[in-house]
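Me: Hi! I'm new to this one, so could you walk me through it in plain words?

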Amino acid sequence: MEHFGFPLEVLFIFFGVIALSVYLDLRAHRGVDEISLKDAGLWSVFWIGLSFAFYGYLWVRFDQAYADLFLAGYVLEKTLSVDNLMVFIAIFSSFAIKGALQHRILYWGIIGALVFRAIFVVIGTSLFLLSPWVGFIFAAAVAWSAWAMMTASDAEDEIEDYTDHWSVRMVKRVLPVFPRLHHGKFLLSRKQVEQRIEEDPSIELQGKAGSKALWYATPALLCLLAIETSDIMFAFDSVPAVIAITQEPLLVYAAMIFAILGLRSLYFVLAALTRYMVHLEKAVIVLLYFIAAKLALQSWNHVFGDTGIHISPSASLYIVFGILTLGVVASLLFPERDQPTAETATENETTR
């Protein structure tokens, strides 16, 4: 199959649709105090529909094989992103960020995701094309991620306090921190801070103490940086996994961006549903091992000679869908016995 390359038509449509959709989403939620489950669900359907529309465009305008590569990468990235969702929940909990401010922080994080995903995709695909031996390194990295998930799932995970995250400590060395939220702002001017301290003398500045700065960071900015750094670390696992599906940089990048953008809206839905998908993580672990094996097989065929075993784009797509479907069905048919119901969870919150 010929290389897909970087058709100007695809670049124009992709970046145009992404820019317009993000603008409409941000505008629709401007001034909103709380993101309802219904609103989050409708926007999730919009983003998923937009991704499948792009899939259809690639199929009709180019070839089904390219479209299948994009869709397989999209589904894989979306699934892997769900695991990162739990980190987002912990970060928001640490900084006591709720409602619409969560949505705003997640969408400001899009800018960083667009930039850093592009850098990682260019580096990853370039390394892969530079030498087939790199595939073995990527395969080991993906397999290690699967092993880490498998061993961690047996342990009792404690929610980490992200208020002491290394990115937060770094900011405090540069900027003083105003310790309270202020209308969802990321930065406050000296005048605003002095006015707030006059209203409440009990407020104590943190970080670069004793300095008269022009700007002061707020917990919203610290939360955004923690979200962004965790997303960058997550990219080290997800980029090699998607590259295992296809080494076409534009298709890899498009699959990852569509998945990330949709996750920002899907976050509010998944936050309520993740606890019920008790066996989905096991499916993700199996999927990662499959991706590692696929990478190793591709590199083996280039380095040591063709084995005659090749996994087509359509086969990859069916395998990804099949494994994830088994995880969802298993969660519905065999829920954990101690899985709390919605009523139990509400009662627990009330008694606290």
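Reply: Happy to! A good place to begin is one aromatic cluster, formed by Phe 14, Phe 15, Phe 54, Tyr 57, Phe 62, Phe 70, Tyr 74, Tyr 253 and Phe 258. Keep in mind that this is a predicted model.

Me: Nice. How many aromatic pairs are there?

Reply: The count comes to 15 aromatic pairs. Take Phe 14 and Phe 15: their ring centres are 4.9 Å apart and the planes stand at 65°, so this pair is edge-to-face.

Me: And is Phe 14 buried or exposed?

Reply: Phe 14 is buried, because its relative accessibility is 1% and the cut-off for buried is under 20%. Phe 15 has 43% relative accessibility, so it counts as partly exposed.

Me: What about Phe 54 and Phe 258, how do those rings sit?

Reply: That pair is tilted, because the planes meet at 40°, with 5.2 Å between the centres. Phe 54 belongs to helix 2 (residues 37-61) and Phe 258 to helix 9 (residues 249-273), so the pair ties together parts that lie 204 residues apart in sequence. Both Phe 54 and Phe 258 are buried.

Me: Which residue lies over the face of Phe 62?

Reply: That would be Arg 61, at 5.3 Å from the centre of the Phe 62 ring.

Me: Switching topic: what does the chain look like overall?

Reply: The chain has twelve helices and four strands. Of its 352 residues, 47% are buried. Its accessible surface comes to about 18400 Å², and carbon and sulfur atoms account for 66% of that.

Me: What share of the contacts join residues at least 24 apart?

Reply: If you take the contacts between residues at least 6 apart in sequence, 85% join residues at least 24 apart. Glu 77 gives you an example of residues that are distant in sequence: its C-alpha atom is 6.6 Å from that of Ser 238, although the two are 161 residues apart along the chain.

Me: Where is Glu 77 found?

Reply: Glu 77 is in helix 3 (residues 64-94). With 0% relative accessibility, Glu 77 counts as buried.

Me: What is Glu 77 in contact with?

Reply: Leaving aside neighbours within four places in sequence, Glu 77 is in contact with Arg 117, Phe 234, Ser 238, Val 242, Ala 255, Met 256, Ala 259 and Ile 260.

Me: Got it. I also spotted Ser 21, so where does that one lie?

Reply: Ser 21 lies in helix 1 (residues 8-28). Ser 21 is buried, with a relative accessible area of 5%. Not counting residues up to four places away in sequence, Ser 21 touches Phe 46, Trp 47 and Leu 50.

Me: One more topic, confidence. What does the chain average for pLDDT?

Reply: The average is 75, and 78% of the residues score at least 70.

Me: Which element has the lowest mean pLDDT, and which the highest?

Reply: Helix 12 (residues 342-351) has the lowest mean, at 40, and helix 2 has the highest, at 86.

Me: Where does pLDDT stay under 50?

Reply: One such stretch is residues 153-159, for which the model has three contacts beyond four places in sequence. Another is residues 338-352, with ten contacts beyond four places in sequence.

Me: How should I read those parts?

Reply: Where pLDDT is low, the predicted coordinates should not be read in detail.

How values were computed:
Residues numbered from 1 in each chain as written. Predicted model: local features only at pLDDT ≥ 70, side-chain atom pairs only at ≥ 80, totals over all residues. Heavy atoms only, no water. Phe/Tyr/Trp six-rings, centres within 6.5 Å; stacked < 30°, edge-to-face > 60°. Buried < 20%, exposed > 50% of the residue type's maximum accessible area, 1.4 Å probe, protein only. Helix = DSSP H or I, 4+ residues; strand = E, 2+ residues; numbered from the N terminus. Lys NZ or Arg CZ within 6 Å of the ring centre and 35° of its normal. pLDDT = per-residue confidence, 0-100. Contact = heavy atoms within 4.5 Å. Areas by Shrake-Rupley, 256 points an atom, 1.4 Å probe, with all protein chains shown as cover.
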